[in-house]
Each structure stands twice: as structure tokens, then as C-alpha cells.
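Could you walk me through this model in my viewer, one selection at a time? I would like to know what to click on and what I will find there.

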Amino acid sequence: MFNNLSERLSGALKTIGGKNKLTEANISDSLREVRMALLEADVALPVVMAFIDQVKARALGTEVATSLSAGQTFIKIVNEELTKLMGEANESLNLATQPPAVILMAGLQGAGKTTSTAKLAKHLIEKEKKKVLLVSADVYRPAAIDQLETLAGQVGAEFFPSQIKQKPVKIAQAAIKHARKTAADVVIVDTAGRLAIDAEMMAEIKAVHKAANPVETLFVVDSMTGQDAANTAKAFHDALPLTGVILTKADGDARGGAALSIRFITGKPIKFIGTGEKAEALEPFHPDRLASRILGMGDVLSLIEEVEQKVDQQKAEKLARKISKGKGFTLVDMKEQLEQVAGMGDLAGMLGKLPGMGQMAGQINNANMNKDMRRQIAIINSMTPKERRNPLIISGSRKRRIANGSGLQIADVNRLLKQHKQMEKMMKKMGKGGMAKMMRGMGGGGMPPGGMGGGMPPGGGLPPGMGGGMPPMGGGGNFPFK
Amino acid sequence: MTQKNAFFLVRWIRGLLALFGRLFGASSKAAPQDFDSKLEAGMGKSRSGFVERLASLVGASKTIDRSLLDDIETTLLTADVGVDATRQITDELTDALSRKELKDSATLWARIRNSLLGILENSQTPLSLPESDEQPSPFVILMVGVNGVGKTTTIGKLAKRFQDQGKSVMLAAGDTFRAAAVEQLKTWGERNNVPVVAQGTGADSASVIFDALSSAKAKGIDVVLADTAGRLHTADNLMSELAKIRRVVQKFDPSAPHETLLVVDAVTGQNALNQATEFHETAKLSGVVVTKLDGTAKGGVIFAIAKRLGLPIRFVGVGEGIDDLGEFKPETFVDALLGKVSEESVQ
């Protein structure tokens, strides 16, 4: 659905071509594409304009390094500026104060404050071993207090009951008093959603802030927010001394340009992102990775983490050794891989994190793909060990037996064998010097994070990974790992 | 994990996914688009005070210049109208300008307004309920949408509205996932004094709704408003659950749900189009409700939704009160979006 920036730029970058200097004339097309990509990603217009000015100022007159094409140099600047704007590293909560440390949650209706309150509590209880008390100062939305009470029970936090007849300020004060008595480390005060232009409600939250004196005032914002993020962030920032931002619902397919707008306008770090319905779906935010996502260049670092969690590393390493030694890729290996990929669940989501593959991700139906993979596993399961090691012996009669055994058609067996052949070819390519070449490039770093190397080969032949076989991971693989 | 292994893994998964993607029918369509320079020109310049400018120009019969067009562009983009629709409108205006059709600001005003209204042409069909005595079974309205858009609140307001029209209403607490969603709906039931059918958190959403339909039919209720849990349109399992709800409702009455409303938060940016597309595919939408239009967000993305899906925008939500819901009026919406102060915002 989105034409991501790397795809957009592939055309525009041709005008930069082999030039050895970036000039107003040769970057104007590319700048326009960046502008469009940012707008489509919901970055607020004033922020887009300021950002483009920054990129332009830096790019003009920049000499093109010999190791990079002019286009790559331009992309490098864009990504670096974006990362600079978003902040370099994750900033966590600062709860260093005389306990109880108070955290105040603020934001629009439906942003996800109550859910985030519970997730944050779980995070603090489990990761930082804090004793956490939750209280709701939302006396407006029906059952908001009940909701927090239920969630508090689910995440193992203490809950301080409040009534809709009470004043939010009084609720906060009473909760903090109670926390002091019971020696709670942290009090999280959930508040009602409010519009930034609702003067009465903004005065109310200011009063709550004054009374509660929080060490952290977190602005909770929906990652799907559009241009209004600029107005809202400014109004909340003006009203409250925000200390950070929680970006919610980031597991959808929004580009999350709002994050950029909010960071630009408030200057406050995004500390966490909400990534799912479950209470543990709250992750520290890594700004450098979002830059890539906004630009549609994938989020390779997050992907690695995800893969690390979901993949049996011993098996993967075994396969890596086998392939680097130039040994064959058998159906046993293929089955292992199928099982691992099937176990990862959301393939479209993972594909979306790969540079240049965002579009393909949109065309993949997780459910169908999983079904196909399960079928393939069933086919391999119906083979004898000998057949798995040496698929060449699979004759017509064996095929029929395998098809019957797996409850599928002979055509399905043929398809699997064909796919195995393709994969085998791919693995061979990778085994031959691929690893060695990769390793050489590792020390250098140099390229910005986020898979830039992979996303932007010289000449703009995009997207990578689509051409066939195993795509190279960037020219020589200048890929920095932390 | 060592660097080497991490690196291998990335390559491995990348290659594997690429291959799988190809094998399972995804194809690459990387067609770089040419973008018009007009929009770019418009964005580099002034972005202040379109409204004031327009106000000062209206009636003054001044000539239109390029920078005013730029301001219009800014207004549209900052209202979430989106790059494509904005470009279409500014192109039209630029053409008209070069043909010297835009003599004064009044003509210009009319032109933009008409362009925007043109996009909403097919979106202004109000929801009409059948006469009570013509119905063998209740009119079923299913509310769907992503998390936090205001589905439950909208149900509360709709219940009041339908009651005011003389209909008997029942609510079905189909959001069995979110903590206290059932209680929230029950509160709305009490406020409206209408029955709420619920089973509690964790129950099967489809069966709660089915129960409500059976009960409503037995009691001769006119309208059933069925709530569902908020779900991201990208969550396959939750979208399948929604498809199941639909199937179960159809089992009760093949013509139901008679109305499936997508609730869209006006604050949402371009992602709302993805939401609408996905929900339409799964739940066969028949209309859209735009909520939270009382804030600073303009909800311009509904132009993109209207353009792609041609769905009627049934209602707009403008606050948390029980009466803060109105029928969608394209003229009012467009005027608000363009910043023209309108007194008849919602009736």
C-alpha cells in the first residue's frame, strides 16, 4: 500500500547519478520524495518542512565519499538526520527520588493510557522488582476505574480504589499517602482522556500534576495519529512538564510518523512502545530503529531480536556451520527451517521489518502461508529418512506414497521438491564465499543503522531480496551490530 | 549471540522469507512514482493563516495568487487529507488558475469546496431504520474498529438516538476481551434504560451476540447494537474472530448484520485507510462513524476512505456526552476542515 521511501527514491536518485557533489539541482527530486514519504507516514507538515530544511542544508555541497554512490550519500544524510532528531538510544524511566515515585499518565481519549498503565506496572514489577500501586483518576469514562482494577489484578499490582464522585486531585493525593504508608515504590496515576483544547480538563490535569508532583509525566499517544499529533503534543507539552512519551498500538501497520512529530515538538524521548494486546507487550523504544521504519527501510535490529527469541539458535548455528563448509542442504534441513519459520508466527510483520520488502509484506497472508508450510512439513514427514537425505531417489511411485501419506496430491510433492531445489541453490550461493565476504565488511561500520546497506544498492535496483536467490546484504555488508 | 551468528541469521531469514514470499505468490511491484512539482512548490513556503487570508479576501474580490494556492495545500495536508487527494485538488485549482477561471476568492472558495464535496458525493446516505412493524426480527448493527476509537461510547449515543426515534433498543456486550468493557457498556445501558446482554470477560463474543439476538427477537426489540472488542486490522486471528461473529449473526438472520459500522478516530492519520480496507474485506462494512471531531483533528483521511471504498459516513461524534452524535453532513464537515467557522456544526 505504501510506496516506501527506498522505492520512491530509486527513481529520484538516478538524477543524482554519478555526480560527485550534492547540489541543489541534483537533490531536489530526492528531497521531494523524502517529503512525500514523511507526509504519507503521517509526520506533521511543519515538522516535515523543518526537517527537509535541515537535510538540505547539510547535503548541499557535501562531497561524495569514494566508497558510496551519490545516492547512498544522500540517504545516509537523511537517515542520520532522522536518527539525530529521534535521539540515539533508548531512554528509560528515571525513578530516582524519595519513594514513592509518582508516574502520571496523560493523553487523548482512546490513546491507550489505562492499558499502558497496566503494562508499565508489569514492567516495573517484573523487570525492576518494584512494588507498584495503581490508581485511576478517570472519573468520567464509564467503568474506567473497574478496568484499571481488573488490570491491576492481572499484572500483580496493588490497586487503590477511587470513586467517580471524588475529585481527581484528591484521588491522587490519597493514593500517594497510601503508598507512603504501605511503602510502595511507585504510584502510577491513570487519568481520563482529554482533548488538548478542553481548557477545563487541561486545568484539571495541571492541578493533578501539581498535587502529585510526579517524577515522570508520560504523554501516551496512538502511533496511528495523523497530523494532529503536532497540535496535541504542543498543547500537552505547554500544559505539563512532560518527561517522556509512550507510543501505543505500534504493532499495527502505521508508519508512526507521529513519533517524529512529537519528538520534534516536545523534545521528549519516547520511552516505550506498546506492541500488542497482552500485558507484557510493552517494549523499550529504540529511536534509531523507528527512523528506518518511517523511511520504509525496515527494522532489521528489531527483527534480529525477534528472531533470536523465536529461533532455535543451536539449530541455526548448526546449519550455518554446515553451509559454510559447503555441505548440501537436505530435506531434513528444509523441514527444520520450515518448522522454525512456521513457529515465528507473524511472517508478514517480520517481512515488513526487512529493508525493501515492505510491499511484499502487504501481499502475504499469514494464515495461508502457515497452512502451506504445515503441508510441506507433512510431506517431508511422510518421507523415509533416506528420501530426506537424498531427494533424487524419489520416483513416481515414491511420490504417490508420500502424497498418500501426507493426505495431499502428487503435484504438492512435486512443488515441494522444486522449492527444495531452489533453496538448495540459494544455500550453495551463500556458502560459497558469501560468509567470508560478509565478515570482511563487519569491522568497518560506517553505514547508518537500520539496514541501509541492504536497502540501497548503488544504481537503485530495488527492492533487494526480490530478484531471486539469496540477496546480498548490502554491498559488502557494512552492518553495525551492537 | 555473536556478530557472526546474528549476521547469518539475518541473511538466512531474509533469504528464506524472500523465497517463501515468492513461492507463495507475492510479487514485487516497485514502480517509482513521479510526483508533481506543484505540490512541492506549495510546501516550501508560507503555511500561516489560510483562514485569515481567505476571510480577508472573501468579498474583497482580490485576485488569487500562487501563494494562496500553497496555503490551501497546507490546509489540506495538515487536515490529514493525504498526499494523493491533496495533489488532485491542487492540480485542479492550478489548471483552473491557468485557464483564468479563478477570478476572485469567492470562486476559489467554491471550487475547493466543490472538489472536496465531490469526493464525498457517495458518502452522505443517512442510516435509515425500517418501520418497526415491518420487521420479523431485530435490525442488527455491528460496531467494529481498532482499539480506542470510541465504539462503546458511540453505541451509548446511538442507543439514545434510536430510542428518541421511538425504537426499542438492546445492547450486546460483544467486547469480551478488554477489562471492564462489559461494565462500560452496562453503564451506557443504564443511562439509556435499555437492556444489555452480557456474559462477562473472556466469553465467546459471537455467542454473546447470538444470545442477544435471540433475546431481542423474543422480546420484539427493534434494534440490537452489538459491541465488539477493538482489534488492529493487522491481527489475523482477531480479524478471523470478527469474520466468525459475522457468520454467527448470519446464522440467526441471513440478512443480518443489517449495518456494520466502522468507527474511525478523527485523530488517525493515513493508517485509517488501511483500517477501512481491511475491515471492509473481513466484515463487509456498510458505513463509517467518525469520532472525536470536537478536537483539533479534522479527520481528512475520510476523503481517502470515501474515494477508495465509497462507504457512506453515517455519523460523527463530537464529545463524550450522550447527545454528542450527529448525522454526517458533508458541507459542515468540509467547512470545518477548511477552517470556515460554522455555527451549525452538528445538529
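Start by selecting chain A of this predicted model: of its 482 residues, 59% are buried. Colour the chain by secondary structure and you can pick out 22 helices and 8 strands. If you display contacts between residues at least 6 apart in sequence, 75% of them join residues at least 24 apart. Switch on the surface of chain A, and about 19000 Å² is accessible, with 51% of that belonging to carbon and sulfur atoms.

Now for the aromatic rings. Searching the whole structure gives 4 aromatic pairs over all chains. Select F219(A) and F236(A) for a tilted one, with 4.9 Å from centre to centre and 35° between the planes. F219(A) belongs to strand β5 and F236(A) to helix α9 of chain A, 17 residues apart. Are these two rings buried or exposed? F219(A) is buried at 1% relative accessibility, and F236(A) is buried at 0%.

Move to chain B and select F210(B) with F252(B): this pair is edge-to-face, 5.8 Å centre to centre, with 90° between the planes. F210(B) sits in helix α9 and F252(B) in helix α10 of chain B, so the pair ties together parts 42 residues apart in sequence. F210(B) is partly exposed at 31%, whereas F252(B) is buried at 17%.

Stay on F252(B) and add K217(B), whose charged end sits over the ring, 5.7 Å from its centre. For another such arrangement, select R191(B) and W188(B): the charged end of R191(B) sits over the ring of W188(B), 4.6 Å from its centre.

Last stop: select F303(B), F328(B) and F333(B), which ring pairs link into a cluster.

How values were computed: Residues are numbered from 1 along each chain as its sequence is written. Chains are lettered from A and ligands numbered from 1 in the order in which they are written. This is a predicted model: local features need pLDDT of at least 70, side-chain atom pairs count only at pLDDT 80 or more; totals for chains, interfaces and linings use all residues. Side-chain values use heavy atoms; hydrogens and water are left out. Helices (H or I, at least four residues) and strands (E, at least two) are DSSP runs, numbered from the N terminus. Buried means under 20% relative accessible area, exposed over 50%, partly exposed in between (1.4 Å probe, protein chains only). Contact means heavy atoms within 4.5 Å. Accessible areas come from the Shrake-Rupley method with a 1.4 Å probe; for residues, only the protein chains shown count as cover. Rings of Phe, Tyr and Trp (its six-membered ring) pair if their centres lie within 6.5 Å; planes under 30 degrees apart count as stacked, over 60 as edge-to-face and the rest as tilted. A charge sits over a ring if NZ of Lys or CZ of Arg is within 6 Å of the ring centre and within 35 degrees of the ring normal.
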